[in-house]
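Open the model in your viewer and keep the sequence panel beside it. The stops below say what to select and what is there.

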Amino acid sequence: MGCPNVDSGLAPADEGLLSFSRLMTGLLFAVSLPWFGEPLPAAAASPSGFIFINTSFENASPLYWEVDAANLIHVYLIYDQERSSPNRANGHWFFEVQAAPNTRCTLVLHNFDNVWNGRKGSPISDRTICYVSEDARTWRLAPARKTDDNCLRIEMAIRFGSLYVARLEPYRLSDLEAFERRIREDRRVEITIIGKTVEGRELEIIRVGDPNAAGRVFLRARAHPWEAGGNWVIEGLVERLLGGDKDAERYLGRYCVYIMPMANKDGVVRGRTRFNLLGADLNRKWDEPPDPAVNPENHALEEWLKSRIAKGRTPHLLIDLHNDEGGQLHVSRPNVDLDRYLRNMQRLEAMLREHTWFTEGSTREGFRNPGSIGEGLLERFGVNACVLELNANWIAGLNAPVSAERWKLFGARLCEALFHYFDTPCSP
Ligand SMILES: [Zn+2]
């Protein structure tokens, strides 16, 4: 639903060209007829061929733009803000540039002066990549360059009147819904609604496998809306588990997977970067029970988790999937007995290194991330919880840039890594 396609992208562009020629006719007419008043400035005619930036679709990023005298298109992303905090974030972009066919455009993306933990920080670097697509389904890399004043300059050729631009290959709520339609009739799958987002979208847990299996792993994706990688990993993992072959049987014979596939659905639909619609960060404040009034997404998960614990069904392992520029396994060290936890995290890292393309390693001794889901659930419930950051630009283990397909491959291989992680007896 609401997914852009090339047809809907082209139609407005063609209309725009017609309007443009009407405008030019009108301008010439105006110049010859003095009672028409002052002619419009030439800039309104946009001689570069650029017509419009469309953001009227699912997961498009809020923004405004202007074209300068040199025909550079300056795109100003709108910050996503945290409540009761100076923190603000940009990092997601997804929009459609409409222009005359065979137009070359230079875009300059602005507003990367993020504030994090009260300090300025930029979400872009010399390594930041950018994707473009004619149909918002098949993506390719576009040249992007960070400028000295912390903007991102993107060069592009618009061949057919429209080009989508995105930070990562998008994974929309409608993509998740289509995926769930494909798997929900499978007897090994159960999808349970556990609550609603700020805007009333249903939040679900997908179970894949036998609830009585020896191992139980919980995965969450998309606490932060810009980080689409986690959803591609989930798709790859579930498709592998449901493959029906001997290996898939072997995996599901040993462990059962519980997934919260898109924690921040509102943020994804609205093209936000980090927070929920009331400014709550879904990977913070896990050191206390979530406030249902401002953070219903985390509240729903906490209630589900508590009911699992009450039934003696605590997940043996909890992995929260994220994207960043580093790609490490985040192992936090709060002031609790850490021996068992650190041993388990070491084993997880070893299994990831052996069976997936993961090479980035874990956070070092002394690392803490107070309030993150890894640290909070370990502190309060003793859960073996961690944050797995997937590098948003480059996959060192494959020596290749990130892509939806490569993240799906990681998900498929994660099944094997989990199989070996669970080969020693599980304890909650
Ligand atoms: Zn994140």
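Which residue is the bridge partner of Leu 107 in strand 13? Select Leu 107 and then Ile 154: Ile 154 is the partner.

Before going further, some ground rules. This is a predicted model, in which local features need pLDDT of at least 70 and side-chain atom pairs count only at pLDDT 80 or more, while totals for chains, interfaces and linings use all residues. Residues are numbered from 1 along each chain as its sequence is written.

**The whole protein**

Show everything as a cartoon. The secondary structure comes to nine helices and 23 strands. Both kinds of element are DSSP runs numbered from the N terminus: helices are H or I with at least four residues, strands are E with at least two. Of the 428 residues in the protein, 43% are buried. A residue is buried if 20 or more other C-beta atoms lie within 10 Å of its own, exposed if 12 or fewer, and partly exposed in between, with C-beta atoms placed from the backbone. Among contacts between residues at least 6 apart in sequence, 74% join residues at least 24 apart. Two residues are in contact if their C-beta atoms, placed from the backbone, lie within 7 Å.

**First sheet: around strand 13**

Select strand 7 (residues 103-110) and strand 13 (residues 152-158). These two strands run antiparallel and are joined by seven bridges. Thr 106 stands opposite Glu 155 in strand 13.

Now widen the selection to the sheet. It is an open sheet of five strands in the order 2-3-7-13-12, with mixed pairing; two strands pair if DSSP finds at least two bridges between them. Strand 2 (63-67) and strand 12 (144-146) are at the edges and have a single partner strand each, so one side of each lacks a neighbour in the sheet. From one strand to the next, the twist averages 25 degrees.

Go to the edge at strand 12. Three bridges join strand 12 to strand 13, and the two run antiparallel. Ala 144 has Ile 154 as its bridge partner in strand 13. Strand 12 and strand 13 form a hairpin with five residues between them, and in the turn Asn 150 has a positive phi of about 65 degrees.

Show the side chains of strand 13. Its covered face holds Leu 152, Ile 154, Met 156 and Ile 158. Its uncovered face holds Arg 153, Glu 155 and Ala 157.

**Second sheet: around strand 14**

Select strand 14 (residues 162-166) next. Is this strand enclosed or open to the outside? Five of its five residues are buried, so strand 14 is largely enclosed by the rest of the structure. Ser 162, Tyr 164 and Ala 166 point one way, and Leu 163 and Val 165 point the other way.

Strand 14 belongs to an open sheet of five strands with the order 1-6-14-10-11 and antiparallel pairing. The edge strands, strand 1 (50-54) and strand 11 (140-142), each pair on one side only. Neighbouring strands of this sheet are turned by 35 degrees against each other on average, direction ignored.

Add strand 6 (residues 94-99), which pairs with strand 14 in the antiparallel sense over five bridges. Phe 95 stands opposite Val 165. Then add strand 10 (residues 130-133), which pairs with strand 14 in the antiparallel sense over three bridges. Here Val 132 has Val 165 as its bridge partner, and Tyr 131 stands opposite Ala 166.

**A helix pair**

Select helix 7 (residues 339-355) and helix 9 (residues 404-421). They pack at an angle of about 140 degrees, with their axes 9 Å apart. Axes are lines fitted to C-alpha atoms, for helices over the stretch in contact, and angles run from 0 to 180 degrees between N-to-C directions. Helix 7 and helix 9 are therefore oblique to each other; angles under 35 degrees count as roughly parallel, over 145 as roughly antiparallel, 65 to 115 as roughly perpendicular and the rest as oblique.

Show the side chains where they meet: Arg 347, Leu 348, Met 351, Leu 352 and His 355 in helix 7, and Arg 413, Glu 416, Ala 417, His 420 and Tyr 421 in helix 9.

**Two loop residues**

Finish with Asn 117, in the loop between strand 8 (114-116) and strand 9 (119-121). Its phi is near 50 degrees, a positive value in a residue other than glycine. Asn 117 is exposed, with 8 other C-beta atoms within 10 Å.

The other stop is Lys 285, in the loop between helix 5 (265-269) and helix 6 (296-310). Phi of Lys 285 is near 60 degrees, again positive in a residue other than glycine. Lys 285 is partly exposed, with 19 other C-beta atoms within 10 Å.
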